[in-house]
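Work through the exercises below with the coordinates open. Try each task before reading its solution.

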Amino acid sequence: MITVKTESEIDLLRESCAIVRDTLAYVGSKIRPGVSTRELDRYAEEYIRSRGAEPSCLGYCGYPASICASVNEVVVHGIPSEDKYLREGDIVSIDLCAYKNGFHGDGARTFAVGEVSEEKQKLIRVTEECFWEAVKNLRAGTPLYDIGAAVQAHAEGNGFSVVREFVGHGIGREMHEDPSVPNFGKRGTGIRLKAGMTICIEPMILAGGRHVHLLSDGWTAVTDDRRPAAHYENTVVIREDGVEILTI
């Protein structure tokens, strides 16, 4: 069921999203060659708790960490590990959620580890651009799949591809709510968005082909061709005349 939030509920959600925004920046400042993804997870958990919130991901459906740390060909849901050290030239996507006052905030960024290849630089840039293309004309009354159509057009126009198996989502009192928000679709189709809806728009863009698969841990999704992937996500509120981005 899709829920439209009141302004008082959005105020509570805004606080959770501010914590997500600040945690992403804090974790990003710790990214360097030689740091383990588990160390980044500890930084995130400590920071989220210091702000009076809880890490939503920890324990969610059995997930064992506070962040997802997805390196290079890992698309999403990379499990932090003491044995996974970042190396010069890697890219790492950090996806995290914070829960406070009964509401979840959600966001993701992809970071370069030192100097990276031109392809990886472009991938990170285009993935973020896909988000901005998606929200450029977004407002109450926009068909839902206009979001995915914009993401897909920009990604494919730059020679990249989009994931079909993982999508954005509504958010609020639950970390994942209706509706699903895919990164592909036909413009002019889908439900009409309403003012007060809160959704996560999260382009997941691949340098190579669009096909992915899960590893044996049941969480980690990697590209079939082992080409790199990037992820960029914000929580947004649909408004009558545009969107309010809560995690920036």
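**Exercise 1.** Which residue in β4 does valine 71 stand opposite?

*Solution.* Keep in mind that this is a predicted model. Start from valine 71 and look across to β4: the residue opposite is valine 92. Next, place the pair in its strands. β2 covers residues 67-71 and pairs with β4 in the antiparallel sense, over five bridges. Now follow valine 92 to β5, where its bridge partner is phenylalanine 111.

**Exercise 2.** Trace the pairing of β4 with β1 and β5, then decide how enclosed β4 is.

*Solution.* Take β1 first. This strand, residues 54-55, runs antiparallel to β4 and is joined to it by two bridges. Glutamate 54 has tyrosine 99 of β4 as its bridge partner. Then take β5, residues 103-112. Ten bridges link β4 and β5, again in the antiparallel sense. The two strands form a hairpin with two residues between them. In that turn, asparagine 101 has a positive phi of about 55°. Last, check burial. Nine of the ten residues of β4 are buried, so the strand is largely enclosed by the rest of the structure.

**Exercise 3.** Is histidine 169 buried or exposed? Describe its surroundings.

*Solution.* Locate histidine 169 in strand β7, residues 168-170. Its relative accessibility is 5%; buried means under 20%, so histidine 169 counts as buried. Now look for a polar partner. The side chain of histidine 169 reaches the backbone oxygen of methionine 175 at 3.2 Å. Then list contacts beyond four places in sequence: they include Asp106, His176, Glu202 and Glu233.

**Exercise 4.** Characterise the largest pocket.

*Solution.* Begin with the volume, about 380 Å³. Then go to the lining, which has 23 residues. Closest to the pocket centre are His77, Asp95, His169, His176 and Glu202. Assign the lining to strands: β4, β7 and β8 each supply at least two residues. The largest share, four residues, comes from β8.

**Exercise 5.** Find the edge strands of the open three-stranded sheet, and the helix that lies across part of that sheet.

*Solution.* Write the strand order: β6-β10-β13, with antiparallel pairing. β6 (161-162) and β13 (229-231) each have a single partner strand, so both stand at the edges, with one side left without a neighbour in the sheet. Check one pairing. β10, residues 204-206, meets β13 over three bridges. There, methionine 204 has histidine 231 as its bridge partner. Finally, add the helix. α3, residues 118-135, lies across β10 and β13, at about 40° to β13.

Methods. Residues numbered from 1 in each chain as written. Predicted model: local features only at pLDDT ≥ 70, side-chain atom pairs only at ≥ 80, totals over all residues. Heavy atoms only, no water. Buried < 20%, exposed > 50% of the residue type's maximum accessible area, 1.4 Å probe, protein only. Polar contact = N/O pair within 3.5 Å; in protein donor to acceptor, adjacent residues only side chain to side chain. Contact = heavy atoms within 4.5 Å. Pairing = 2+ DSSP bridges. Axes fitted to C-alpha atoms, helices over the stretch in contact; angles between N-to-C directions. 1 Å grid on protein atoms, 1.4 Å probe; cavity = no way out; pocket = protein on both sides within 12 Å on 5 of 7 lines; lining within 4 Å. Points joined across faces, edges and corners; volume = space filled by probe spheres on them.
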